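User: I should like to go through this structure and ask for the grounds behind each description of it.

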Amino acid sequence: MTAPRLEIDLSKIRHNAQVLVKKLADRGIGVSGVTKAMLGNPLFANTLLSAGIRGLADSRVEDIENMRKAGVDGQMELIRSPMLSQAARVVKSANISLNTELETIAALSAAACAQNCVHGILLMVELGDLREGIMPSDLEDMVRRTLAFPNIRLDGIGTNLACQNGVVPDARNMGELSALADAIDATFDRTFPVVSGGNSANLNWALGEGKKGRINNLRLGEAILLGCEPLHRQPLDGLYADAFVLVAEVIECKTKPSQPTGTIGQTAFGSAKSAANSGPIRQALLAIGHADTDPTGLAPIHQDLKVLGASSDHLILDTQDQTCPIGSEVAFSLNYSALIHAMASPFVTKQYHQNSASRDSIAAA
């Protein structure tokens, strides 16, 4: 078989999406399925829609365009602020986009007028993580100005936490977002329909005790794909954590010293790790590296193997005296960083399948 390859079990992804849609619906929260890690793959997009996801969300207009060309049906949302240079493409392919700048909204308005359509806007509010967002004190004025643009429909507000500085979504910041939604509803004498609380990092809050206020939408990617919450990478009850397996081929296996010899400088990827002297070790070299994935996010499924390091095109394992013949394959589980890099690599083959999901790999409920 071709290696390296990423084996993707769509049945497990569908299961994860269905479980999360149901659990969140019980709390009055809808789900936007984030397709960016999968590069807008139509198979994945249709899997989410078949699981009851209400709409699809991606950070790249190119991915949305590819899904449209493939005939994927459903609402499409651009979740990275649009580039001015892509305003016309955004309006043509996406129903909604997340925005923070009036100049960008003006360009979207002009494009929507030219295309004789209406484009939806979600205004993003800064609540502490210091990535994108309008300061809360500026939100009322931003709403007023957005409402004045022709062919623009203001659908509501949202926020994003945990991505830049790891700020945890909690009762305080989600309560602030709810209060802001109530305030603009009262000021403008209308109910804006969407209050998007964030991403997979919101799940501990959303599925926990306590009122959810006005929050009625989450944008979920990692939790659906990997079956875990991003704050502590803990498995979520009832979800599969093994929908993805990365497989690489062994190209060398030799006994070598455990410590390098000679004066040590920087490697191609920064400072070298210091290695303990544990005597000769059996070392395997695999045909995969930084050009294909994030090696720090890989964990050998065979627990006796240990990742020692990587270069652009090689991954080095301590085999712990396990047999790794030339041409044999080693399987890895991945974290989110390793997954998105592997998906983006043209050197990693993607194999989709619809296996009957084994209950053994579901996190205990």
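The exchange below sets computed values against the criteria they are judged by.

User: What kind of model is this, and how many helices and strands does the protein chain have?
Analyst: This is a predicted model. The protein chain has ten helices and 20 strands.

User: Why is the protein chain called as compact as a globular protein of its length?
Analyst: The globule rule gives 21 Å for 365 residues, and the radius of gyration of the protein chain is 23 Å, which is close to that value; the chain is therefore as compact as a globular protein of that length. Along the principal axes, its C-alpha trace spans about 75 × 45 × 40 Å.

User: What makes Ala-17 buried?
Analyst: A residue counts as buried under 20% relative accessible area. Ala-17 has a relative accessible area of 1%, so Ala-17 is buried. Ala-17 is found in helix α1 and, leaving out residues up to four places away in sequence, touches Leu-48, Ala-51, Ile-53 and Ile-224. In the protein chain as a whole, 49% of the 365 residues count as buried.

User: Why is Gln-259 called partly exposed?
Analyst: Partly exposed covers the range between buried, under 20%, and exposed, over 50%. The relative accessible area of Gln-259 is 35%, so Gln-259 is partly exposed. Gln-259 is found in the loop between β12 (244-256) and β13 (266-267). Beyond residues up to four places away in sequence, Gln-259 touches Ala-275, Ala-276 and Asn-277.

User: Which residues touch the most other members of the largest nonpolar core?
Analyst: That core has 89 residues, and those touching the most other members are Leu-6, Ile-13, Leu-123, Ile-157, Leu-225, Phe-244 and Leu-286. Helix α1 (residues 10-25) supplies the largest share of this core, seven residues. Another core, of six residues, lies apart from it and includes Val-34, Ala-57, Ile-79 and Met-124. In soluble globular proteins, nonpolar side chains tend to be buried together.

User: What is Ile-13 in contact with, beyond its neighbours within four places in sequence?
Analyst: Contact requires heavy atoms within 4.5 Å. The partners of Ile-13 are Ile-8, Phe-44, Thr-47, Leu-48, Ile-224, Leu-225, Ala-243 and Phe-244.

User: How do you know what share of contacts joins residues at least 24 apart?
Analyst: The share is taken among contacts in the protein chain between residues at least 6 apart in sequence, and 66% of these join residues at least 24 apart.

Methods: Residues are numbered from 1 along each chain as its sequence is written. This is a predicted model: local features need pLDDT of at least 70, side-chain atom pairs count only at pLDDT 80 or more; totals for chains, interfaces and linings use all residues. Side-chain values use heavy atoms; hydrogens and water are left out. Helices (H or I, at least four residues) and strands (E, at least two) are DSSP runs, numbered from the N terminus. The radius of gyration is taken over C-alpha atoms; the globule rule is 2.2 Å times the number of residues to the power 0.38. Buried means under 20% relative accessible area, exposed over 50%, partly exposed in between (1.4 Å probe, protein chains only). A nonpolar core is a set of buried Ala, Val, Leu, Ile, Met, Phe, Trp, Tyr and Cys residues joined through side-chain atoms within 4.5 Å.
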